[in-house]
Amino acid sequence: MAPLTRNRATKGADAPNDLNADYYRQRASAGLIISEAAQISQQGQGYIWTPGIYSEAQVEGWRKVTEAVHRQGGLIFIQLWHVGRVSHVSLQPDGGQPVAPSAIAAKTKTFIETGFADVSEPRALELDEIPGIVADYKKAAENAKRAGFDGVEIHGANGYLIDQFLKDGSNKRTDAYGGSIENRIRFALEVTDAILAVWDRARVGIRLSPVSPANDAVDSAPAKTFGALVAALSARKIAYIHVIEGATGGPRDIAPFDFLALRKAFAGAYIGNNGYTRELAIDVLNQNRADLVAFGKAFIANPDLVERLRRNAPLNEPDRNTFYGGAEEGYTDYPTLEETAR
Ligand SMILES: Cc1cc2nc3c(=O)[nH]c(=O)nc-3n(C[C@H](O)[C@H](O)[C@H](O)COP(=O)(O)O)c2cc1C
């Protein structure tokens, strides 16, 4: 199950609640659930009502989720998130500016209390602020362990902070974190190493979106940038790379990119994602072009997706109007095959 932000954490605390636990419990047959992205700090939050993993209330809330999934025999990793410039002053500590590698606003929207809104102008991170953010990732990884997760996925995709450092469209720094590829991949690797001080490498993965323009993320040479990053991750022997092939939620062929080369450059498992149908997933696995396939939207609407795919049964259609925010409707009320047959 691919990570899916649903903006239904308890308001104020941004902590997972019983409804969230029920949603994940319903989907425990996924094989491996990657949780919705969880911000590692308030500064790392970019949308309203997304769950954090930095307060005690949040750790307690996530424990309900992991216990519910484990009781059904499922496995769940948490996706660790810092949005960087994809945020809004109304979500930031003391109403401050969001932070980014460079002071360049993203041409993208966020979702705040009043609905969709343009993101706020970011400020460039000072060099001496970066270790503090890496430390926030480490603390979040420790919290994830206490909350009972089976592992962590680093959110390095979709134009958020790590991706902002990786791609030269958003990273114009002239210090050790910008310019050369070696410098632009530094932040991602420091975050990975901080997490590897907490978790066994077999329990750590990363999500990447080399050519996705999501949240205005652009790199002039993604094959080189991501080739270098993946080689460095491979040397660290982390469990997997989770790759969004093409534009997130859009065309798989948005730009030419050799995803197979990325797979070959990496020693661990390769999870493919984006626009997979049952047929395409079977093809790709048969051709050994991926080790696993992650499904996003199909899991929103089909808690028993695996059983449906196994039987080649029809799928419920997801309702986009209830993706972000709300309560049970469009969240925990999608029926299983069994429930439909009753
Ligand atoms: C409602 C919604 C929320 C999403 N939230 C996240 C997220 O928290 N983290 C992430 O990496 N991707 C997120 N994505 C992207 C999905 O994980 C996935 O990459 C995308 O939907 C394409 O896969 P699919 O065609 O199987 O849906 C989200 C997508 C949707 C539709």
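In this predicted model, a polar backbone atom of Gly275 lies 2.8 Å from an oxygen atom of the ligand. Lys297 also uses its backbone here: one of its backbone N or O atoms is 2.8 Å from a ligand oxygen. With Thr5 the partner is in the side chain, where an N or O atom is 2.6 Å from an oxygen atom of the ligand. The ligand on its own exposes 610 Å², and the protein buries 91% of this area.

The site as a whole can be described next. The ligand sits in the largest pocket, and 19 residues surround it. Thr5 and Gly275 are among the closest of these residues, together with Pro3, Arg207 and Asn273. By residue class, the shell around the ligand holds ten polar, seven nonpolar and two charged residues. Glycine is counted as polar in this division, so Gly275, one of the closest residues, falls in the polar class.

Away from the ligand, the charged side chains can be followed through their pairings. The model has 15 salt bridges, counted where a side-chain nitrogen of Lys or Arg is within 4 Å of a carboxyl oxygen of Asp or Glu. One of them joins the side chains of Asp22 and Arg25, with an N to O distance of 2.7 Å. Both residues belong to helix α1, which covers residues 18-26. Asp22 and Arg25 are about one helical turn apart because they are three residues apart in that helix.

How values were computed:
Residues numbered from 1 in each chain as written. Predicted model: local features only at pLDDT ≥ 70, side-chain atom pairs only at ≥ 80, totals over all residues. Heavy atoms only, no water. Near = heavy atom within 4 Å. Polar contact = N/O pair within 3.5 Å; in protein donor to acceptor, adjacent residues only side chain to side chain. Areas by Shrake-Rupley, 256 points an atom, 1.4 Å probe, with all protein chains shown as cover. 1 Å grid on protein atoms, 1.4 Å probe; cavity = no way out; pocket = protein on both sides within 12 Å on 5 of 7 lines; lining within 4 Å. Sits in = over half its atoms within 2 Å of the grid points. Helix = DSSP H or I, 4+ residues; strand = E, 2+ residues; numbered from the N terminus.
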